[in-house]
Amino acid sequence: MTGDHHVLPLPPPPPPPPSTPPELHNTIEEGSQNSDQLFEDDGNELEMERNDIDIESSGLDIESNDLQDDCDQMLEIEDYHESNGDDATAVSVENGISQGKNYPPLAVGMEFESYNDAYNYYNCYAKELGFAIRVKSSWTKRNSKEKRGAVLCCNCEGFKTIKEANSRRKETRTGCLAMIRLRLVESNRWRVDEVKLEHNHLFDHERAQNCKSHKKMDAVAKRKVEPTVDVEVRTIKLYRTSMVDSVGYGCSNSLEGEISECVDRSRRLKLKKGDSQIIYNFFSNIQLTNPNFVYLIDLNDEGCLRNIFWIDSRSRAAYGYFGDVVAVDTTCLSNKYQIPLVAFVGVNHHGQSILFGCGLLGDDTFETYVWLFRAWLTCMSGRPPQTIITDHCRAMQNAISEVFPRAHHRLHLSHVMQSILENLGELQESGVFQMILNRTVYETVKVDEFEMGWDDMIRRFGITDHGFLCTLYEERERWAPVYQKDTFFAGMCTFQNGESTISFFDGYVHKQTSLKEFFDTYELVLQKTHKKEAVSDIESRGLSPVLKTSCFYELQLSKLYANEIFRRFQDEVVLMPCLRITQSHANGHVITYMLKEHGAEGDRSNTRNFEVMYDKAGMEIRCMCSCFNFNGYLCRHGLYVLKCNGVEEVPFQYILSRWRKDFKRLYIPNVESNNIDSSNPIQLFDHLYRRSMQVVEEGMKSRDHYTVAWQAFKESLNKVRLVANNHV
């Protein structure tokens with residue numbers, strides 16, 4: 001295995017997350033490629049997710065073995081999109097990258113006032129050079145005709161369909177990859193996110209004049225449409241056009257060149273002397289014991305390191321079991337730690353934090369987060385999480401919308417609450433303010449209750465015009481519990497006094513922790529985590545928890561849930577006696593109950609009302625506290641209603657397999673047995689290698705396991721050699 005490099009297979013189209021209505025949907029414009037081929041699985045995330053994993057454009061390089069200082073052995077993952085299309089054509093008289101006289105080439109970071117302006121500029125640029133364009137794909141807001149993004153490509157993109165292959169019409173498609181990707185940004189302007197200028201065919205001005213895109217050009221389109229360039233946008237443009245400048249037609253202004261160089265330097269990974277060797281040694285050593293370990297690196301145009309991402313095989317496999325909710329921990333990056341660490345974190349069946357990969361980032365810009373998320377998504381076979389939890393960061397929020405358009409993006413509630421106090425000066429010391437804030441956020445169960453409580457709070461303390469609070473309130477649907485009732489959190493945010501299960505390296509990484517110190521403890525942290533999970537498995541299977549009530553629900557789930565999850569569920573059962581039904585209303589087989597809850601030991605001073613809906617026909621229950629979505633198990637209110645209706649056991653749909661003590665896991669990346677091409681030696685090797693690693697993982701559990709696995713290997717090898725001898 002040493003010295004071999006393996007390119008990760010292109011991720012399959014990911015299935016849509018359960019109960020996650022997409023905010024965006026794709027449309028194919030007139031003149032685009034054949035819809036059957038562009039969206040083979042209509043309704044899933046193929047276009048939004050698969051097209052977004054265009055690793056070539058985002059600079060992803062992958063190594064599965066030795067990291068070289070000069071990175072000369074890196075392999076790029078490329079996602080080629082076959083296409084079919086209309087008959088509009090364009091041929092020309094020059095090859096390669098080109099530049100018009102009046103319309104300079106587009107560059108990443110350029111912005112236009114409208115979609116039409118961007119389209120017309122690219123169309124004018126194309127006409128001047130001698131090729132035509134068309135809309136390859138676009139996407140609009142759900143239930144709206146408002147366009148949110150588009151990909152414009154050269155008319156020679158793709159090839160003829162099988163049906164068109166026998167046509168007498170001349171073949172004008174060449175598989176050209178020239179294109180631009182546009183996206184509507186917050187300023188309501190259209191930004192160029194991706195550009196490919198290189199053509200693989202000749203230009204022909206005469207033929208281009210007769211193409212559809214140029215015939216449709218109206219009076220407005222014929223004027224030169226200039227992109228909007230303010231100070232901020234110009235900086236982005238200057239940096240992003242450095243690749244273009246290197247081939248001889250970039251900006252020649254020396255001041256702009258200096259600005260570009262400053263921007264580029266700021267986007268390098270900040271390493272101290274010797275850190276590069278530390279990284280190299282770490283990756284080299286870990287691959288000796290973990291052959292499926294993968295890392296990806298991002299270089300700038302000068303070959304300087306910008307970003308790194310890495311993940312081991314266990315983490316990739318664990319994501320297949322527990323990847324429904326993922327938190328992105330950017331504590332080190334946002335708090336300016338010595339190491340700019342970003343960690344992807346989930347929770348296992350014991351509610352313990354598990355690692356889904358790590359990264360070291362050169363900055364916290366939109367482009368960097370897009371690279372990181374695409375790298376991570378590629379390693380996870382293109383399957384996005386249902387819910388992704390992050391800090392409050394505009395750049396990261398935009399990157400998530402770009403890479404995970406259908407995931408529920410939520411903010412760390414504990415971090416939001418902490419940031420509120422930190423931004424309010426003297427008020428953060430006020431016990432009265434903190435009490436009212438906590439009551440407004442944690443105890444309201446209806447939207448109008450929260451909004452009225454928030455309004456009363458900011459008026460009472462004279463902070464109605466506080467800029468940070470106003471911005472945060474506009475984002476309230478991403479962090480306030482009252483808006484999260486349909487979002488699954490798997491207990492990662494309990495919504496009780498800001499508690500959460502997020503940080504994986506808490507207690508091991510501090511502000512002054514060096515890169516060497518981090519890598520020295522990295523394996524130790526993972527080993528402790530794996531041991532903790534193994535011990536919890538043994539305890540859950542061998543030790544029966546102590547029951548606190550005579551409730552049959554408690555007895556039932558004590559036999560099913562892992563011990564830690566059962567203890568959490570048990571807390572709900574213990575509080576059932578604090579409830580009583582005050583009224584009910586039936587509508588067919590659906591009954592709505594109103595429950596009054598008083599404090600423990602008969603405390604009537606703190607009573608709360610909860611509405612619970614129960615469908616007798618399907619044995620479905622929904623409580624306004626949304627404990628099931630937040631934590632993954634039924635609340636005391638739902639249990640009380642089930643008991644009142646004579647239901648003796650918790651319905652199976654409310655017992656999630658991810659919490660069961662007998663939950664079977666095999667920490668080997670998923671092995672797909674379908675569609676193996678027997679004539680492709682790479683696929684055969686990859687398939688057999690992963691299957692054999694499953695035996696290795698099992699064989700390491702004990703000496704008996706090892707003996708059986710070793711005997712199986714010897715028998716298999718003898719049988720394979722026998723087949724080889726028969727063919728001699």
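Helices and strands here are DSSP runs, numbered from the N terminus. By that count, the chain has 26 helices and 19 strands. The model is predicted.

**Figure 1. The whole chain sets the scene for the close-ups.**
The chain has 728 residues, and 51% of them count as buried. Contacts often reach far along the sequence. Among those between residues at least 6 apart, 67% join residues at least 24 apart.

**Figure 2. Helix H16 is largely enclosed by the rest of the structure.**
Why is H16 described as largely enclosed? Because 7 of its 10 residues are buried. These are Leu413, Ser414, Val416, Met417, Ser419, Ile420 and Leu421. They pack against strand S15 (408–411) and against helices H17, H18 and H19.

**Figure 3. Helix H17 packs against H16 and H18.**
H17 spans residues 431–442, which makes 12 residues. From first C-alpha to last, H17 reaches 16 Å, close to the 16 Å expected at 1.5 Å a residue. Its buried residues are Phe433, Ile436, Leu437, Thr440, Val441 and Tyr442. Their packing partners are H16 (413–422) and H18 (447–460).

**Figure 4. The largest nonpolar core holds 44 residues.**
Which members touch the most others? They are Tyr553, Tyr561, Phe569, Ile621, Leu639 and Val650. Several helices and strands each supply at least two residues of this core. Among them are strand S11 (325–329), helix H21 (552–558), helix H22 (563–574) and strand S17 (590–597). Strands S18 (608–615) and S19 (620–623) are also included, as are helices H23 (627–631) and H24 (636–644). A second, separate core has 36 residues, including Phe322, Tyr369, Phe373 and Met396.

**Figure 5. Valine 650 and its contacts.**
Leave out residues up to four places away in sequence. Valine 650 then touches Tyr553, Gln556, Leu557, Leu634, Leu639 and Ile655. Two of these names, Tyr553 and Leu639, also appear among the core members that touch the most others.

**Figure 6. The stretch 610–646 carries a domain annotation.**
An unreviewed UniProt entry places the feature "domain: SWIM-type" at these residues. Over residues 610–646, the chain is 38% helix and 27% strand. The end C-alpha atoms of this stretch are 20 Å apart.

**Figure 7. Phenylalanine 489 meets phenylalanine 630 edge-to-face.**
A search of the whole structure finds 45 aromatic pairs. In this one, the ring centres are 5.9 Å apart. The ring planes lie at 70°, so the pair is edge-to-face. The pair links distant parts of the chain, 141 residues apart. Phenylalanine 489 is in the loop between helix H19 (467–474) and helix H20 (515–542). Phenylalanine 630 is in helix H23. Are these two residues buried or exposed? Both are buried.

**Figure 8. Phenylalanine 552 and tyrosine 553 form another edge-to-face pair.**
The distance is 4.9 Å centre to centre, with 85° between the planes. Phenylalanine 552 is partly exposed, with a relative accessible area of 38%. Tyrosine 553 is at 0% relative accessibility, so it counts as buried.

**Figure 9. Ring pairs build a cluster.**
The linked residues are Phe282, Phe283, Phe293, Tyr295, Trp310, Phe504, Phe505, Phe518, Phe519 and Tyr522.

**Figure 10. Two arginines lie over aromatic rings.**
The charged end of arginine 476 sits over the ring of tyrosine 473, 4.0 Å from the ring centre. Arginine 658 lies over the face of tryptophan 659, at 4.6 Å from that ring's centre.

**Figure 11. Lysine 336 and serine 381 have positive phi values.**
Most residues other than glycine have a negative phi. Lysine 336 has a positive phi, near 60°. Where is lysine 336? Its place is the loop between helix H13 (331–334) and strand S12 (341–347). Lysine 336 counts as exposed, at 63% relative accessibility. Serine 381 has a positive phi of about 60°. Serine 381 sits in the loop between helix H14 (366–379) and strand S14 (387–390). At 40% relative accessibility, serine 381 counts as partly exposed.

**Figure 12. Tyrosine 706 lies in helix H26.**
This helix covers residues 703–726. Tyrosine 706 has a relative accessible area of 46%. Partly exposed means between 20% and 50%, so tyrosine 706 falls in that class. The C-alpha atoms of tyrosine 706 and valine 696 are separated by 8.2 Å. Along the chain, these two are 10 residues apart.

Note on methods:
Residues are numbered from 1 along each chain as its sequence is written. This is a predicted model: local features need pLDDT of at least 70, side-chain atom pairs count only at pLDDT 80 or more; totals for chains, interfaces and linings use all residues. Side-chain values use heavy atoms; hydrogens and water are left out. UniProt positions are given in the numbering used here, feature names are shortened, and annotations may be inferred rather than shown by experiment. Helices (H or I, at least four residues) and strands (E, at least two) are DSSP runs, numbered from the N terminus. The expected span of a helix is 1.5 Å times one less than its number of residues. Buried means under 20% relative accessible area, exposed over 50%, partly exposed in between (1.4 Å probe, protein chains only). Contact means heavy atoms within 4.5 Å. A nonpolar core is a set of buried Ala, Val, Leu, Ile, Met, Phe, Trp, Tyr and Cys residues joined through side-chain atoms within 4.5 Å. Rings of Phe, Tyr and Trp (its six-membered ring) pair if their centres lie within 6.5 Å; planes under 30 degrees apart count as stacked, over 60 as edge-to-face and the rest as tilted. A charge sits over a ring if NZ of Lys or CZ of Arg is within 6 Å of the ring centre and within 35 degrees of the ring normal.
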